[in-house]
Amino acid sequence: MGDKEKLISDESVEATRNVAKKDNYLKLPWYFAGGFLVFWALLFFAIVIPLFYKLPTPLTMEDAKKSVFITERAFNNLYTIANIGNKLTGSTENEVQAVDFIVNELESIQSVLLTDYFTLEYKTEQVSGGFAYSTMLNTYKGVQNVVARLSPINGTTDDALLINSHFDSKPYTNSAGDAGFMIVAMLEVLRVIATTKQSIDHPLIFLFNGAEEGALEASHGFILNDPWAKTCRAVINLDAAGSGGKDILFQSGPNHPWLIKYYKQCIKYPFATTMAEEIFQSGIIPSDTDFRQFTTYGDIPGLDMAQVINGYVYHTKYDLIDVIPRGALQNTGDNILSLVRCFANATEIYDTAAYASGHAVFFDFLGVYFFYYSESTGIYLNYGVAGATLILIFVSIWRMSSVSKVSICHVIRWFILVFVIQIISFVLGLGLPIAVAYGMYSLGLSLTYYSTHLLVVGLYVCPSLIGLSVPITIYYSLQRNDKLSNPYHLQLALHSQAILLAVLAAVVTYLGYRTAYIFTIPLIFYVGSLALNLLTTLHDRGYSWSGLLKLSQVAPFLYSSYLMYVFIVALTPMGGRAGSGSNRDLYIAVLAALGTILSFGFLVPLINSFRRPSFVILGVLATTALAFYLASSTQLGFPYRPKTSGQRVSYLQVRNMFYEYDGTLSKDESGYLFSFQDSRGATPFAGTKVNLTGLVSIADRCDTHMMCGMPLYDYRFYANRPYLKWLPRSEPIVPPGDFQFELLNKTSVNSTTMRYWFEASVSSHMNIFLKANEDVEITGWSFLESYLTNTPPYFIYLVHGIDDSPYIFSVDIWKSDGDFEVPSFEIGCANHVVQSPGDAEAVKFASTFPSFSILAQWPVLYRRYIF
């Protein structure tokens, strides 16, 4: 090598060293990196958490003259209705005491009614009917509604707003939150409006329905049978999946964005998101509401709102007034009162069909502000931001090329490499938490975060941070490109993240999901900071551009972390009742990973602007290791706690009696049929007093017996049948009382069809199962005819309210040869004595469960006949 070439070579090496030294000099000391992450954590705990749980100050009777919602009065009513006890449909508590309470309150409101402004009518009604619901035919009779209609004295229209909730209960709960809370809120709203000198344009119909918990029976009966229902043009449905806290708007419309316009204008404490609506409608949440009945059978648009915080007590004996903060009632009451007043004067109520024009995208920001826009606007916005992202990134790459005095192709080649690495980071950021969830599930350690939400940070958030940071950090520690500075390389990583979000926003939008907005929000702020950096030339001044970037990410960080926290708080308790075949850890892992990617996607690469970024990764890794240890080896990782977050244990005390064609009893067995409610199943009872020796699966019975030869209670039992467990009992179970099921007669319809008439005298909840032999068809019956198009065996769920008269029904059987002197079909009848503790041995067995168990169990006598 000549002297000249050697000199040039030495100068190049020295230049490279100088560039490296200069880039290293520009970096902040390593200890600032830890503070960088701590800052964002503090931001979450100092802003997101307090605002999420913030509730208004409850008002007292001293404020009654202000025509506002008075929590003290509503809370007193809640105390009364909750203390009635369990209000199971068909019980005296529900059909008499709860109805009397509501009627008495309506009489009290009528006594103070401003008769110069309003008229108030109310009535108690019984409704009967049937409809297909999930895999079963839901049939009901004599269920009760209390309906009140407040009309303006000089009103010129019957077009009304419907406000609905239910007063009945699931078994074994006083249902203070679900939905006594909403019932008393409705009563107080009605009282305030009826005593305020403020006119309204539209009548208000308040529906207090007495049968929602079975499967939405009373609202179905109202919407199809009540004359007032024909005048309802919009609905506000109120329910609960928790007890105490804010009420979330999780369904709207459908196809009526004007409803969201009024929500924005009138709501006092916004709490809503399109993402909740799309998640709920996907079916992954094990709940349903009366909103389905109003939109399906009444074609009535509206808003569906519910309590979601503290879902641990939902449908349990701990759903008591003591766990409900008074501020929660004030929050809900203020919201409902504001919405009702706005809708009561809405011009759209006159003809809602004229305003049916697509969906809306909506969300609140920390409960402080509410955003909404039309679905079409959302599509343009998502595509537009994605396009602007690509354009500005190209401009940025061109600037890098120009300033660095290298070809643009050279920069693009490096960008492609960084982009591939960022894709790997993205996949790891999403995949590592999912892998952890599968691993914990496989080791029998699911739901370790169930009672300790902070474990989510160590188990899922930290692995996601590791996945996001490791590939790009390794790349920056190894790359030796002297033509592009490290600050430029870091910008290329952020550009790669932006392109990934742009692609996600575009694809999710193309697939028709409005939830795409969650990708657009951080992208808007990133594009904004990039544009400012380009305009001010900070883009080309070392790491100076990072200041604007960090500032721009505060708002999207707060929103994304807030949104995912909302879902984790709401969905974690639901994992305790999702069924033993469901791995709910996976849902929480995906939510945590998605929240981490959206919150930290533009922030994690910035640890490479500090010296020794590997120290940060080691710190996060240590946090993950600590979380694993706490989850797997300490009591902190045990999912359940007495009273606050117990394990739901659902089982039936079953007596199965199978009768053959000649009337002989071929099987008489007793035992406990378990439908475990979460993925841990029976494992938490190891080492306790519960004796589950002999517990077996019933899956093999499902192949040989109609409905697995078991009295499956409802569609949830049916869906969970592959996971149901049977524990035989030697002493026969004798349910209290008895039920009569008999063939009244059979009459020939024609030469090939025979009609069988049956009578059943049963309790308030009963099942009938029907299955014809291979050469036989069930061509008709006295139930809903359309359900016969379903695949047999047929599952009929029967509920009665105040009408406890016997069920009389018919079944038409067709045989091609007309020979009905041989077996043609089998029918099973299950009588569920819900709320009964059972016999002495059953009570003793129940007492052996640990204190963290929340039992829902009762006796059932199942008789199967062949005709």
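Helix H11 (375–404) and helix H14 (486–510) each supply at least two residues of a nonpolar patch in this predicted model. The patch covers about 720 Å² of the surface and is made by Ile379, Tyr383, Val503, Val507, Tyr510, Leu511 and Tyr513. Of the contributing elements, H14 gives the most, with three residues. Leu511, also one of the patch residues, lies in the loop between H14 and helix H15 (517–536). Because its relative accessibility is 55%, and exposed means over 50%, Leu511 counts as exposed.

A second surface position, treated here separately from the patch, is Tyr438, which lies in helix H12 (residues 408–442). At 45% relative accessibility, Tyr438 falls between the limits of 20% and 50% and therefore counts as partly exposed. The C-alpha atoms of Tyr438 and Leu586 are 7.0 Å apart in space, although the two residues are separated by 148 residues in sequence.

The strand pairings that involve S15 are set out below.

| Strand pair | Orientation | Bridges | Residues standing opposite |
|---|---|---|---|
| S14 (residues 740–750) and S15 (residues 753–761) | antiparallel | nine bridges | Phe741 and Ala760 |
| S15 and S19 (residues 807–815) | antiparallel | eight bridges | Thr753 and Trp814 |

Strand S15 is thus paired with S14 through nine bridges and with S19 through eight bridges, and both pairings run antiparallel. The connection from S14 to S15 is a hairpin that passes through two residues. Within the pairing of S14 and S15, Phe741 stands opposite Ala760, the latter belonging to S15, whereas Thr753 has Trp814 of S19 opposite to it. As a general point on such elements, the side chains of a regular strand alternate between the two faces of the sheet.

The remaining site concerns a charged residue, Lys141, which lies in strand S2 (residues 136–152). Lys141 is buried and yet has no salt bridge, the nearest side chain of opposite charge being that of Asp803, at 4.4 Å. Since a salt bridge requires a side-chain nitrogen of Lys or Arg within 4 Å of a carboxyl oxygen of Asp or Glu, the separation of 4.4 Å between Lys141 and Asp803 does not qualify. A polar atom of the Lys141 side chain does, however, lie 3.3 Å from the backbone oxygen of Pro806.

Conventions
Residues are numbered from 1 along each chain as its sequence is written. This is a predicted model: local features need pLDDT of at least 70, side-chain atom pairs count only at pLDDT 80 or more; totals for chains, interfaces and linings use all residues. Side-chain values use heavy atoms; hydrogens and water are left out. Patches are made of residues with over 30% relative accessible area and no salt bridge: like charges are joined within 9 Å, nonpolar side chains (Val, Leu, Ile, Met, Phe, Trp, Tyr) within 5 Å. Accessible areas come from the Shrake-Rupley method with a 1.4 Å probe; for residues, only the protein chains shown count as cover. Helices (H or I, at least four residues) and strands (E, at least two) are DSSP runs, numbered from the N terminus. Buried means under 20% relative accessible area, exposed over 50%, partly exposed in between (1.4 Å probe, protein chains only). Two strands pair if DSSP finds at least two bridges between them. Lys and Arg count as positive and Asp and Glu as negative; His and the chain ends are not counted. A polar contact is a pair of N or O atoms within 3.5 Å; within protein, one must be able to donate a hydrogen and the other to accept it, and residues adjacent in sequence count only if both atoms are side-chain atoms.
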